[in-house]
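Q: I would like to go through this structure with you, one topic at a time. Shall we begin with the side chains and move on from there?

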Amino acid sequence: MSTERPNIVFIMSDDHASHAMSCYGSRINETPNLDRIANEGMRFDNCFCTNSICAPSRAVILTGTYNHINGVTTLSTPIDGRQQSFIKLLGGEGYQTAVVGKWHLGHGGHSDPQGFDYWNVLPGQGDYHNPTMIEMGEEKQYKGYVTDIITDLSIDWLGSRDKERPFCLMYHHKAPHRWWEPDDKHADMYEDIDIPEPETFWDDYSNRASAASEAKMRVDRDLNERDLKGPAPDGLSPEEEKRWKYQRYIKDYLRCVASVDDNIGRMLDYLDEQGLAENTIVVYTSDQGFFLGDHGWYDKRFMYEESLRMPFIIRYPKEIAAGSVNDDMILNVDFPATFLDYAGIEKPEEFQGTSFRPLLQGSTPDDWQTAMYYRYWMHLAHHNVYAHYGIRTHKHKLIYYYADALGQGGAVDDTKEPEWELFDLDKDPLEMNSVYGDPAYAEITSKLKDEMHRLQAEVGDDRYHRDVD
Ligand code: CA
């Protein structure tokens with residue numbers, strides 16, 4: 001009986017956008033090992049996070065609740081691990097559980113990993129080279145490159161497990177998070193080529209709310225010498241300097257991705273060698289997306305597509321048709337409900353997501369979600385992005401910048417004038433032209449507001465008091 005329950009290897013990297021994966025049609029790199037997962041399983045083209053920033057997305061995935069419920073609204077709100085998690089529920093039903101690598105939900109007190117049989121995690125962001133890690137509460141020093149080490153430790157744990165019981169491993173890479181430090185093996189990759197610039201690289205932020213022009217995540221202005229590993233050469237025009245910075249940034253980012261890809265190849269080979277491939281669900285995702293020069297930016301936080309979208313590929317040969325693609329909407333809050341479903345564990349009432357196992361079996365329930373609710377809370381922190389919430393459907397996106405810290409940890413208490421944006425995703429998939437206020441969109445705007453307020457009520461989040469238009 002126990003052997004019939006699938007194992008789960010949940011692979012999550014940090015800030016890896018799907019447009020830097022060849023299985024998603026990347027124009028800028030190849031990821032042959034990640035492509036194996038997609039080719040042997042299913043690729044989701046509309047997977048979104050409910051808050052595009054590291055700790056909050058991780059908390060959603062662990063607890064199955066939105067950030068206003070799990071309390072991790074920003075980077076300054078460590079998790080209270082006493083709440084329910086899918087890991088605790090799996091453990092309670094005989095699963096062996098571990099988390100290795102990036103944790104980023106706080107340390108000490110109630111914020112260390114809880115409910116895991118084994119944990120070995122980076123403190124905070126952790127280091128790329130010779131990282132310190134915390135193994136079950138004890139600091140340890142490792143020699144080498146973080147992506148290799150996290151893989152070694154994950155494989156070691158798999159080797160030491162009780163083979164009679166199913167397992168769930170959260171195998172979490174730090175890469176390709178800022179400051180994008182590659183290993184020696186990939187240091188010269190892309191040296192002699194130019195990486196193509198994205199279509200919106202020269203965006204001037206016109207026809208949008210002021211939040212876009214106010215954000216401080218511009219490739220030309222906001223990347224620093226630590227990001228770029230040195231100063232720009234003298235004598236470049238502003239355009240040439242922006243191009244030079246983009247190449248420096250994106251090449252290091254892609255070199256870090258290449259190492260992730262290599263290591264996932266090692267993990268997949270290990271599962272093959274151990275005869276585990278058939279009965280193990282393998283997921284690859286990232287805690288959110290990232291701007292890869294899109295809109296002239298790096299970083300995330302915005303509800304815009306490149307940041308909102310998560311890569312999500314999943315392999316489980318027993319149930320998922322190889323090479324399948326799905327464009328139904330799934331959210332990070334749905335992940336833990338899905339894992340519990342596969343483990344045969346009833347979803348607790350407080351879990352707010354829905355299992356998407358039917359989608360994996362090839363059928364979409366008639367009442368499957370066609371709209372999602374998003375909220376970014378960390379007003380003005382780090383990159384000057386205004387706090388906002390919004391709704392995305394398959395065709396439209398409505399964003400309300402309420403632009404207020406509302407006392408959230410780490411948010412900056414400097415309220416700005418609220419603003420709206422509306423994008424017609426069919427006509428303007430790159431989100432260059434907000435049509436909010438255009439009379440042709442009055443009816444859809446009103447419907448979207450109603451639907452957004454309905455979703456807010458459904459998930460139990462509070463509407464901002466000035467959201468009255
Ligand atoms: Ca992240």
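Q: Which ring does Lys 449 lie over?
A: Lys 449 lies over the face of Trp 420, 4.1 Å from the ring centre. Please note that this is a predicted model.

Q: And the charged end of Lys 242, where does that sit?
A: The charged end of Lys 242 sits over the ring of Phe 201, at 4.5 Å from the centre of that ring.

Q: How many aromatic pairs are there?
A: The count comes to 34 aromatic pairs. One of them is formed by Phe 201 and Trp 202, with 5.1 Å from centre to centre and 80° between the planes, an edge-to-face arrangement.

Q: Phe 201: buried or exposed?
A: Phe 201 counts as buried, because its relative accessibility is 0%. Its partner Trp 202 is partly exposed, with a relative accessible area of 41%.

Q: Which residues do ring pairs link into a cluster?
A: The cluster consists of Phe 10, Phe 44, Phe 86, Phe 312, Phe 335, Phe 339 and Phe 356, linked by ring pairs. Phe 335 and Phe 339 are also among the buried residues of helix α10.

Q: How many residues of α10 are buried?
A: Helix α10 covers residues 335-343, and 8 of its 9 residues are buried, which leaves the helix mostly covered. Besides the two phenylalanines, the buried residues are Pro 336, Ala 337, Thr 338, Leu 340, Tyr 342 and Ala 343.

Q: What comes just after α10?
A: Gly 344 follows, and it takes a positive phi of about 75°.

Q: Changing topic: where is Lys 88?
A: Lys 88 lies in helix α4, residues 86-92. It counts as partly exposed because its relative accessibility is 25%.

Q: What does Lys 88 contact beyond its neighbours in sequence?
A: Leaving aside residues within four places in sequence, Lys 88 is in contact with Gly 81, Arg 82, Gln 83, Gln 114 and Gly 115. With Gln 83 there is a polar approach: the backbone oxygen of Gln 83 lies 2.8 Å from a polar atom of the Lys 88 side chain.

Q: How far apart are Lys 88 and Phe 116?
A: Their C-alpha atoms are 7.2 Å apart in space, while the two residues are 28 apart in sequence.

Q: What about the loop before α4, where is Thr 77?
A: Thr 77 lies in the loop between α3 (67-70) and α4. It is buried, with a relative accessible area of 14%.

Q: Which backbone atoms lie by the Thr 77 side chain?
A: The backbone nitrogen of Thr 73 lies 3.1 Å from a polar atom of that side chain, and the backbone oxygen of Thr 74 lies 2.9 Å from a polar atom of it. Outside four places in sequence, Thr 77 is in contact with Gly 71, Val 72 and Gly 409.

Q: On to the strands. Which way do the residues of β5 point?
A: In strand β5 (residues 132-135), Thr 132 and Ile 134 point one way, whereas Met 133 and Glu 135 point the other way; all are buried.

Q: How many bridges join β5 to β4, and how many to β6?
A: Strand β4 (residues 118-121) is joined to β5 by 2 bridges, and the strands run antiparallel. Between β5 and β6 (residues 138-141) there are 4 bridges, again antiparallel.

Q: Which residues are bridge partners there?
A: Val 121 has Ile 134 of β5 as its bridge partner, and Glu 135 has Glu 138 of β6.

Q: And the turn, what is in it?
A: β5 and β6 form a hairpin with 2 residues between them, and Met 136 in the turn has a positive phi of about 50°.

Q: How many disulfides does the structure hold?
A: It holds 0 disulfides. For Cys 23, the nearest cysteine sulfur is that of Cys 47, 13 Å away. Cys 23 counts as buried, at 11% relative accessibility.

Q: Why is Cys 256 not bonded to Cys 54?
A: The closest cysteine sulfur to that of Cys 256 is in Cys 54, and it is too far for a bond because the separation is 14 Å. Cys 256 is buried, with a relative accessible area of 0%.

Q: Lastly, where is Trp 179 found?
A: Trp 179 is found in the loop between β7 (167-172) and α6 (210-214). It is partly exposed, with a relative accessible area of 29%. Not counting residues up to four places away in sequence, Trp 179 touches Tyr 128, Asn 224, Arg 226, Asp 227 and Lys 229.

Key: Residues numbered from 1 in each chain as written. Predicted model: local features only at pLDDT ≥ 70, side-chain atom pairs only at ≥ 80, totals over all residues. Heavy atoms only, no water. Buried < 20%, exposed > 50% of the residue type's maximum accessible area, 1.4 Å probe, protein only. Contact = heavy atoms within 4.5 Å. Polar contact = N/O pair within 3.5 Å; in protein donor to acceptor, adjacent residues only side chain to side chain. Phe/Tyr/Trp six-rings, centres within 6.5 Å; stacked < 30°, edge-to-face > 60°. Lys NZ or Arg CZ within 6 Å of the ring centre and 35° of its normal. Disulfide = S-S within 2.5 Å. Pairing = 2+ DSSP bridges.
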